[in-house]
Amino acid sequence: LYGLGEPFMDPRIFDLLERCKSLGLGTIVSTNATFLNAERRARLIDSGCDHLLVGIDGASEETYSFYRAGGKYHRVVANMKALAAEKRSRGRGPYIVVQMIRMKRNWHEQDAFLEQWRGVPGIDEARVKDEDIGLAQHRTYAVDGHLRQNPCHILWRGPMIVRYNGDVYPCYHTAEHGKPAGNLAE
């Protein structure tokens, strides 16, 4: 339940997670953790969400602010540590991955990021991932144009992207610039 937006801005997110759980569908939510206040943290754990991916693209306020304009680094860190602690105290909750996307201006913080998040009780995984959307200002690899050498990993994992209006795409790269494969309403 993510792709091209912040899912916790949608007032229906917890209803969607609970409905998926009732249907036996696994769920993954990707967030920037800005909106994970105490109420939403509790609802997230209660919803039965299986997997939470949290994007924190830096290990300092300065770097984070460059990539997340308007974001509050210390709030995001506090929200995640509080969620991890609540998950641990309740003995249940989603598998939590804290991820930094490696880009030109945060490359130097990779080790600090991993050190900051590895070993935090309740955080299941901390990782650094290469930027894979291909935005020129963030790219860390050579341009390979339309013949990309690094195919979209989402195509091989199975989920498709469904936008707010029901349009369905094979991955989030095509959801931004491509035509939909169809629409859920049709």
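Is Tyr67 buried or exposed in this model? Tyr67 is buried, at a relative accessibility of 14%. The legends below describe views of a predicted model.

**Figure 1. Overview of the protein chain, with seven helices and seven strands.** From the N terminus onward, the elements follow the order α-β-α-β-α-α-β-α-β-α-β-β-α-β. The chain has 186 residues, and buried residues make up 40% of them. Among contacts with a separation of 6 or more, 59% are between residues 24 or more positions apart.

**Figure 2. Packing of helix α1 (residues 13–22) against helix α2 (residues 38–47).** The axes of α1 and α2 are 9 Å apart and make an angle of about 15°. Because angles under 35 degrees count as roughly parallel, α1 is roughly parallel to α2. The crossing of the two helices is left-handed. On the α1 side, the contact is made by Phe14, Asp15, Leu17, Glu18 and Lys21. These residues meet Arg40, Arg43, Leu44 and Ser47 of α2. Sorted by class, the contact holds five charged, three nonpolar and one polar residue.

**Figure 3. Aromatic pairs, of which the whole structure has three.** Two of these pairs are described here. Phe8 and Phe14 form a tilted pair, with ring centres 5.8 Å apart and 35° between the planes. Phe8 is buried at 3% relative accessibility, and Phe14 is buried at 4%. Phe14 also belongs to the set of α1 residues that meet α2. The pair of Phe66 and Tyr67 is edge-to-face, with 4.9 Å from centre to centre and 85° between the planes. Phe66 has a relative accessibility of 39% and therefore counts as partly exposed. Tyr67, at 14%, counts as buried because the value is under 20%.

**Figure 4. Surroundings of Thr63 in helix α3 (residues 61–67).** Thr63 has a relative accessible area of 7%, so this residue is buried. Which residues does Thr63 contact, leaving aside its neighbours within four places in sequence? The contacts are with Asp57, Gly58, Arg105, Asn106, His108 and Glu109.

**Figure 5. Surroundings of Leu83 in helix α4 (residues 73–90).** Leu83 is buried, and its relative accessible area is 0%. With neighbours within four places in sequence left aside, Leu83 is in contact with Leu36, Arg41, Leu44, Ile45, Leu52 and Ile96. One of these partners, Leu44, is also among the α2 residues that meet α1. The C-alpha atoms of Leu83 and Ile123 are 8.9 Å apart in space, while the two residues are 40 residues apart in sequence.

**Figure 6. Position of Cys171 in the loop between β6 (167–169) and α7 (172–177).** Although placed in a loop, Cys171 is buried, with a relative accessible area of 3%. How many residues apart in sequence are Cys171 and Met160? They are eleven residues apart, and their C-alpha atoms are separated by 5.7 Å in space.

Conventions. Residues numbered from 1 in each chain as written. Predicted model: local features only at pLDDT ≥ 70, side-chain atom pairs only at ≥ 80, totals over all residues. Heavy atoms only, no water. Axes fitted to C-alpha atoms, helices over the stretch in contact; angles between N-to-C directions. Helix = DSSP H or I, 4+ residues; strand = E, 2+ residues; numbered from the N terminus. Parallel < 35°, antiparallel > 145°, perpendicular 65-115°, else oblique. Left-handed = near helix turned anticlockwise from the far one by under 90°. Contact = heavy atoms within 4.5 Å. Nonpolar A, V, L, I, M, F, W, Y, C, P; charged D, E, K, R; others polar. Buried < 20%, exposed > 50% of the residue type's maximum accessible area, 1.4 Å probe, protein only. Phe/Tyr/Trp six-rings, centres within 6.5 Å; stacked < 30°, edge-to-face > 60°.
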